[in-house]
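Open the model in your viewer and keep the sequence panel beside it. Each stop below names something to select and then says what is there.

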Amino acid sequence: MSATRVGVVAGGRVHAVVIEPGGAPGRYRVRVDDEDAVLIDAAIVGPANATTTWSLRDTATGTISSAAVSLGSAGEGEAVVGGHVVPVALVTRRSRAKRALGGGDGEQRVLAPMPGKVVKLLVALGDAVAPRQGLVVVEAMKMENELTAARAGTVTEVAVVEGTSVEAGRLLVVIS
C-alpha cells in the first residue's frame, strides 16, 4: 500500500490527511494537515455494519481511543470521537462538503465513547457552557473520562443520571 491522501471536512474545516503503511500489519503512520506524523495501531472492533468502530493506539504514548465512523455512499456522515458527534465528509470533486456540513453549526450531541458508567454530571438542563467545558464524567475500564463541549451553547437535554450504565454511542447530553 502506498500513501493514501484524502481531504476530510470536520468541524467546518478541510483537513489534509495522509495515511501510510507503518511497517507491520495494522500499523499506520497518519499525518493531519502539516503536523508531525503519528504511528498508530488500528483495528476494527465490533460487528461490520453501517458504522465502523476503530480501536486506535498511539504507539509512542500507548494512549488508546476509539472512533466510530459512519459514512453514506456520498462520503458524508459522522464520526463519534471522545464522545462528540462530529459531522464529517470526504472531499472529492463531486462533493460540496462545506455546504453540506454547515461549518459546524447546530446542536452538539455528546455520546458515550465506550461502555461505562456515568459517575458525575457537571451540567444541568439550561446551563450555558463554554468551549472545552466539562459536561459529564464516564468511567470506563477503571479510568474516568471527562467529556467536554466542542463549542459554546446551552444544555437542552441531559439524557442520563449519575450511576447510569451506558453503552458506546449512548446519548448523554445535547447542547444547542
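## The whole chain

Among contacts in the protein between residues at least 6 apart in sequence, 38% join residues at least 24 apart. What you are looking at is a predicted model. Colour it by secondary structure: the protein comes to one helix and 16 strands. Now show the surface. About 10,400 Å² is exposed by the protein, and carbon and sulfur atoms supply 53% of that area. Of the 176 residues, 30% count as buried.

## Strand β8 and its partners

Select residues 84–91, which make up strand β8. Which strands pair with β8? One is β1, residues 4–10, which runs antiparallel to β8 and is joined to it over four bridges. To see one of the pairs, select V9 and then A89, its bridge partner in β8.

Another is β7, residues 76–81, also antiparallel to β8, with six bridges between the two strands. Select V81 and then H84, its bridge partner in β8. β7 and β8 form a hairpin with two residues between them. Click on G82 in that turn: its phi is positive, about 60°.

Stay with β8 and select L90, which is found in this strand. Is L90 buried, partly exposed or exposed? L90 counts as partly exposed because its relative accessibility is 33%, and the partly exposed class runs from 20% to 50%. Add V6 and L71 to the selection. Together with L90 they make a nonpolar surface patch of about 190 Å².

## The nonpolar cores

Hide the surface and look inside. In soluble globular proteins, nonpolar side chains tend to be buried together. The largest nonpolar core here has 16 residues. Select V129, L135, V166, L172 and I175, the residues with the most contacts inside this core. The elements that give two or more residues to the core are β12, residues 134–140, and β16, residues 171–175.

Centre the view on L135. Which residues does L135 touch, leaving aside its neighbours within four places in sequence? They are V110, L121, L122, V123, V129, L147, T148, A149 and I175.

A second core, separate from the one above, has six residues. Among them are A68, V80, L171 and V174.

## The loop between β11 and β12

Select Q133, which lies in the loop between β11 and β12. With 28% relative accessibility, Q133 counts as partly exposed. Draw a distance from the C-alpha atom of Q133 to that of T148: the separation is 5.2 Å, although the two residues are 15 apart along the chain. Beyond its neighbours within four places in sequence, Q133 is in contact with V123, A128, L147, T148 and A149.

Then select R132, found in the loop between β11, residues 128–129, and β12. R132 counts as exposed because its relative accessibility is 66%, where the cut-off is over 50%.

## Two positive phi angles

Most residues other than glycine have a negative phi. Keep R132 selected and check its backbone: phi is near 70°, a positive value in a residue other than glycine.

For the last stop, go to D33, in the loop between β3 (27–32) and β4 (38–45). What is the phi of D33 near? It is near 55°, again positive in a residue that is not glycine. D33 counts as partly exposed, at 26% relative accessibility.

Methods: Residues are numbered from 1 along each chain as its sequence is written. This is a predicted model: local features need pLDDT of at least 70, side-chain atom pairs count only at pLDDT 80 or more; totals for chains, interfaces and linings use all residues. Side-chain values use heavy atoms; hydrogens and water are left out. Patches are made of residues with over 30% relative accessible area and no salt bridge: like charges are joined within 9 Å, nonpolar side chains (Val, Leu, Ile, Met, Phe, Trp, Tyr) within 5 Å. Accessible areas come from the Shrake-Rupley method with a 1.4 Å probe; for residues, only the protein chains shown count as cover. A salt bridge is a side-chain nitrogen of Lys or Arg within 4 Å of a carboxyl oxygen of Asp or Glu. Buried means under 20% relative accessible area, exposed over 50%, partly exposed in between (1.4 Å probe, protein chains only). A nonpolar core is a set of buried Ala, Val, Leu, Ile, Met, Phe, Trp, Tyr and Cys residues joined through side-chain atoms within 4.5 Å. Contact means heavy atoms within 4.5 Å. Two strands pair if DSSP finds at least two bridges between them.
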